[in-house]
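Student: I've got a protein model open on my screen and I'm not sure how to read it. Could you walk me through it?

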Amino acid sequence: MAVFLASLRTPRGLLTALVLVLLAVLPLLTQAFDQRYLLSIGTRIVIWAIAAVSLNMILGYGGLVSFGHAVFFGVGGYAVGILSANGLHSGWLQWPVGILAAAAWAALVGALSLRTRGVYFIMITLAFAQLVYYVGAGLEAYGADDGLNISRSRFPDVIDLRDKASFYWLCFVLLCGTLWFCQRFATSRFGFVLRGAKSNDLRMTALGFPVFHYRLAAFTISGAFGGLAGILLANEGAYISPAMMSWIKSGDLIIIVVLGGMGTLFGPLYGAIAFFALEEFLPPLLDLGGKDWGEYWQIVFGPMLILIALYARGGIDSLLGRTQAHHNG
Amino acid sequence: MAEPLLRTDRLIKRFGGLVATDTVSIDVQPGEIHALIGPNGAGKTTLVSQITGNTAPDSGTIHFAGRDVTRLPTHARVRLGLARSFQITSVLREFTALDNVALAVQAHAGHSFRFLADARRDERLRAPARRGLEAVGLKDRSDTPAATLSHGEQRQLEIAMALAGDPKLLLLDEPMAGMGAEESQHMIEFLRALRGRRAVLLIEHDMDAVFQLADRITVLVYGRAIASGTPDEIRANAEVRQAYLGEETAGTA
């Protein structure tokens, strides 16, 4: 707590606090200004931020470029959708099943892919994600390519997910929980091993760490949080489809993490906000310049990413100044 | 002699047509400093890498601390008490000196599947790590990122990391490489102080250091151990002189 209060004295800390407060009261703002549509963007930002934070656990802290993270959107989402289509509507059942399924799938993929490095790791994680994508696209009973409208998870007498504001707040609380866990995780003994292995895995092995086991655990945890994001995504639109786990979504997640700042706590959140804000507001902005320019917003977005990659390697987070000094004692 | 701490028995490792390790049987007794010398390409690094478990031998066995470890993965050998430093300095560059040693302590403090408590505030890791840094003379550099330490300091840091787990055997791959004369002498003093208390397998090019420190020396040439004995015996060995030492080091004492 003292650390948190101290961090408020820095511009970075103030901005983070401001962003969190704005997100916390977003439903009130959108209601006051009658901009319901913004709440739906906000909900997607928060859900994607959870997924991006979970990807950051392995990508940012572990240095493992997983190019199939959107698969956990799919596993979590389809767990909800399939149970719901079979008459099992209780969120108390659906959510644990979705998270456990995502964790189990992550453990399996990790057990095979983490034996490889670099480009091979990227390709194997992508291949496994595509595998699930095509399974989803082949599930005739669950809408195949077209996807499936589902009814939202039910938590009787606790929360009604059909209420947009309640659902948003639930997502926001879960994002805060995910960030809290990630913060503890990064500075824990486990996080040290993971970050040490990113820095020099040969040395970590020589110190006596079975690096593979720690990476596998990190991959599994990351998948579990990814599954949670998938569960929320399915509930957000009351809809599941293979598109939620296409490789493009996996790429978007990597872009969000890199854009926001790999290996930083709030980077993925900044990245998600920037990504959706640009996607939403760049086209109308460009339309001001000329008719239909907005359609080509990615022509502007692409070079922005390149500039970030070239000149702001720490992403948006690094633009906020140096991180607070590490605590040593 | 007591049961050796480390013993390789007729190790063979081939790379294509090259026999990098040719039927090598060496041993290290508890508390002794055993130096491994040989010209470049003699197969020292390949032998070390088989002892640490980074390379699997084609045949032969390795016993360590009373167990056959030939098929054991690296991290399991480390758990048994085998610690090493690398020929090319290998530290965690983004971490501070203290973090580096704390991680080495952590490696021997049970499993690390602990997700919530802040490891930087854990005195069970930090206190031994501070003592380790002090022992190698890096106390004042605790909070310096390892990447910005001088080369010699990084080598000292590696020793502190290797010693953190209180290993039975310290495997030092050219610990003096790239060091200035003064730094080398410090390192020699430090290693001399370990003599009798901890077994060391020392791979070193610096002949001054080897003859000052070693209880026993094994000479490796073209993958074969051509001689093994006390420094005096090695100095007097005609085959060694011809194959390796040459005239300029023959008079070193």
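Tutor: Sure! Keep in mind that this is a predicted model. Let's begin with domains: chain B is divided into domain 1, covering 1–81 + 168–253, and domain 2, covering 94–166.

Student: How many Å separate the centres of domain 1 of chain B and domain 2 of chain B?

Tutor: Taken over C-alpha atoms, the two centres are 26 Å apart. The two domains of chain B also touch: seven residues of domain 1 are in contact with six residues of domain 2. On the domain 1 side, you'll find four nonpolar, two polar and one charged residues.

Student: What about the overall form of chain B? How many helices and strands does chain B have?

Tutor: Chain B has nine helices and 11 strands. Along the principal axes, its C-alpha atoms fill a box of roughly 60 × 40 × 35 Å. You can also look at the radius of gyration: a compact globule of 253 residues would come out near 18 Å, and chain B agrees because its own value is 18 Å.

Student: And what percentage of the residues of chain B count as buried?

Tutor: Here we count neighbours: a residue is buried if 20 or more other C-beta atoms lie within 10 Å of its own. In chain B, that gives 47% of the 253 residues. Another thing to read is how far apart in the sequence contacting residues are. Take the contacts in chain B with a separation of 6 or more: residues 24 or more positions apart account for 66% of them.

Student: Now the two chains together. How many residues does each chain bring to the contact?

Tutor: Chain B brings 34 residues and chain A brings 24 residues. On the chain B side, helix 2 (74–80) and helix 3 (97–107) each supply at least two residues. The largest share comes from helix 3 of chain B, with five residues. By class, the side of chain B that touches chain A has 14 nonpolar, 10 polar and 10 charged residues.

Student: Can we look at a single helix too?

Tutor: Let's take helix 5 of chain A, residues 71–85. Its 15 residues reach 20 Å from the first C-alpha to the last, close to the 21 Å expected at 1.5 Å a residue.

Student: Why is helix 5 of chain A described as largely enclosed by the rest of the structure?

Tutor: Because 14 of its 15 residues are buried. Just after helix 5 of chain A, look at G87(A), which takes a positive phi of about 85°.

Technical notes:
Residues are numbered from 1 along each chain as its sequence is written. Chains are lettered from A and ligands numbered from 1 in the order in which they are written. This is a predicted model: local features need pLDDT of at least 70, side-chain atom pairs count only at pLDDT 80 or more; totals for chains, interfaces and linings use all residues. Helices (H or I, at least four residues) and strands (E, at least two) are DSSP runs, numbered from the N terminus. Ala, Val, Leu, Ile, Met, Phe, Trp, Tyr, Cys and Pro count as nonpolar, Asp, Glu, Lys and Arg as charged, and the others, Gly among them, as polar. Domain bounds come from an automatic or database domain assignment. The radius of gyration is taken over C-alpha atoms; the globule rule is 2.2 Å times the number of residues to the power 0.38. A residue is buried if 20 or more other C-beta atoms lie within 10 Å of its own, exposed if 12 or fewer, and partly exposed in between; C-beta atoms are placed from the backbone. The expected span of a helix is 1.5 Å times one less than its number of residues.
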